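Student: Could we go through this structure together, one question at a time? I would like each answer to finish on the value or name I asked for.

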Amino acid sequence: MLTARRRASRRSLSSPIVKIISAEFVKSAFEKKHWTTDGLPEIAFLGRSNVGKSSLLNSLVQRKALARTSNTPGRTQSINFYLINDAFYFVDLPGYGYAKVSKSMRADWGKMAEEYLSDRDELVLSIQLVDSRHKPSKLDLQLHEWLVFNQKKHIVVATKSDKLSSNELSKQMRVIGEEMPSSKVIAYSSQTGKGREAIWSEIVKGLA
Ligand SMILES: Nc1nc2c(ncn2[C@@H]2O[C@H](COP(=O)(O)OP(=O)(O)OP(=O)(O)O)[C@@H](O)[C@H]2O)c(=O)[nH]1
Ligand SMILES: [Mg+2]
């Protein structure tokens, strides 16, 4: 039988988690000409407003406030670049689907996001977030179909899983899986860290 210590070391050996040496906010871009230009690979975080993009990003690098989180949906309106380990970027895209923003702002979201997603050679993986408590919305499915149709490498992360019992979560994972059948779906909670290693493992694969 393995001792607890050996078990722990075996676990850490098999852990895909990247050691975070540095994580820094680099810039907010409102236009293409402000995107970064150093050619490092990028992982993008996409999802409706308030779904937990900034929280996921913070929890992956274990910094409480690298990306701003808030209870005010629609807070992140620019494309924000965070440099991790001087090696790659996490890119926090504005949340979509917030009803109270103006029509032109909603159109801007589509334009800005589609421009980034379709033109960006540095993009190696898109992480689409959906709320684990709900069936994916029409906008979630629209974005998802766009990613699939355009053959963009992506995974789906079902956030806020701590708000469901394990039975409810299994049911919701089935529901989400049925709506997004061709994609990997990972249940996640920024409160408990559930799913964090699995997401890192996909990021490492994306960067390879
Ligand atoms: N319980 C729980 N709350 C979460 C989780 N992830 C995010 N939240 C909360 O949800 C709210 C929104 O989270 P954010 O990370 O700011 O969401 P966002 O997608 O970045 O939002 P925008 O920038 O407005 O698009 C905050 O109050 C978070 O604390 C989670 O896994 N569990
Ligand atoms: Mg945010």
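Student: How many of the residues of β6 are buried?
Tutor: This is a predicted model, where local features need pLDDT of at least 70, side-chain atom pairs count only at pLDDT 80 or more, and totals for chains, interfaces and linings use all residues. Residues are numbered from 1 along each chain as its sequence is written, chains are lettered from A and ligands numbered from 1 in the order in which they are written, and side-chain values use heavy atoms, with hydrogens and water left out. Buried means under 20% relative accessible area, exposed over 50% and partly exposed in between, with a 1.4 Å probe and protein chains only. Strand β6 is mostly covered, and its count of buried residues is 6 of 6.

Student: Which residues cover the two faces of β6?
Tutor: Strands (E, at least two residues) and helices (H or I, at least four) are DSSP runs, numbered from the N terminus. On one side of β6 the buried residues are His154, Val156 and Ala158. On the other side they are Ile155, Val157 and Thr159.

Student: Which residue of β7 is the bridge partner of valine 157?
Tutor: Two strands pair if DSSP finds at least two bridges between them. β6 (residues 154–159) and β7 run parallel and are joined by 3 bridges. In β7, the partner of valine 157 is isoleucine 186.

Student: And on the β5 side, which residue of β6 does serine 126 stand opposite?
Tutor: β5 and β6 run parallel, with 6 bridges between them. Serine 126 stands opposite a β6 residue, histidine 154.

Student: In what order do the strands of the open sheet come?
Tutor: The sheet has 7 strands and its pairing is mixed. Its edge strands, each pairing on one side only, are β1 (23–29) and β7 (185–187). Neighbouring strands are turned by 25° against each other on average, direction ignored; axes here are lines fitted to C-alpha atoms, for helices over the stretch in contact, and angles run from 0 to 180 degrees between N-to-C directions. The order is β1-β3-β4-β2-β5-β6-β7.

Student: Why is β4 described as largely enclosed, and how many of its residues are buried?
Tutor: Phe88, Phe90 and Asp92 are buried on one side of β4, and Tyr89 and Val91 are buried on the other. The strand is largely enclosed by the rest of the structure because the buried count is 5 of 5.

Student: Which residue of β4 is the bridge partner of isoleucine 43?
Tutor: β2 and β4 run parallel and are joined by 4 bridges. By contrast, β3 (residues 79–84) and β4 run antiparallel, with 5 bridges, and asparagine 80 stands opposite aspartate 92. For isoleucine 43, the partner in β4 is phenylalanine 90.

Student: Which residue takes a positive phi in the hairpin of β3 and β4?
Tutor: This hairpin has 3 residues between the strands. The phi in question is near 50°, and the residue is asparagine 85.

Student: What kind of aromatic pair do phenylalanine 88 and tryptophan 200 form?
Tutor: Rings of Phe, Tyr and Trp (its six-membered ring) pair if their centres lie within 6.5 Å; planes under 30 degrees apart count as stacked, over 60 as edge-to-face and the rest as tilted. By this rule there are 7 aromatic pairs. The centres of phenylalanine 88 and tryptophan 200 are 6.3 Å apart and their planes stand at 80°, so the pair is edge-to-face.

Student: How far apart along the chain are these two residues?
Tutor: Phenylalanine 88 belongs to strand β4 and tryptophan 200 to helix α6. Phenylalanine 88 counts as buried at 5% relative accessibility, and tryptophan 200 is buried at 0%. The separation is 112 residues.

Student: What kind of pair do phenylalanine 90 and tryptophan 200 form?
Tutor: Their ring centres are 5.8 Å apart and their planes are at 35°, so the pair is tilted. Both residues are buried, and the name for this pair is tilted.

Student: How are α2 and α6 oriented to each other?
Tutor: Helix α2 (residues 53–61) packs against α6 at about 85°, with the axes 11 Å apart. The contact (heavy atoms within 4.5 Å) is made by Leu56, Ser59 and Leu60 of α2 and Arg196, Ile199, Trp200 and Ile203 of α6. Angles under 35 degrees count as roughly parallel, over 145 as roughly antiparallel, 65 to 115 as roughly perpendicular and the rest as oblique. The two helices are therefore roughly perpendicular.
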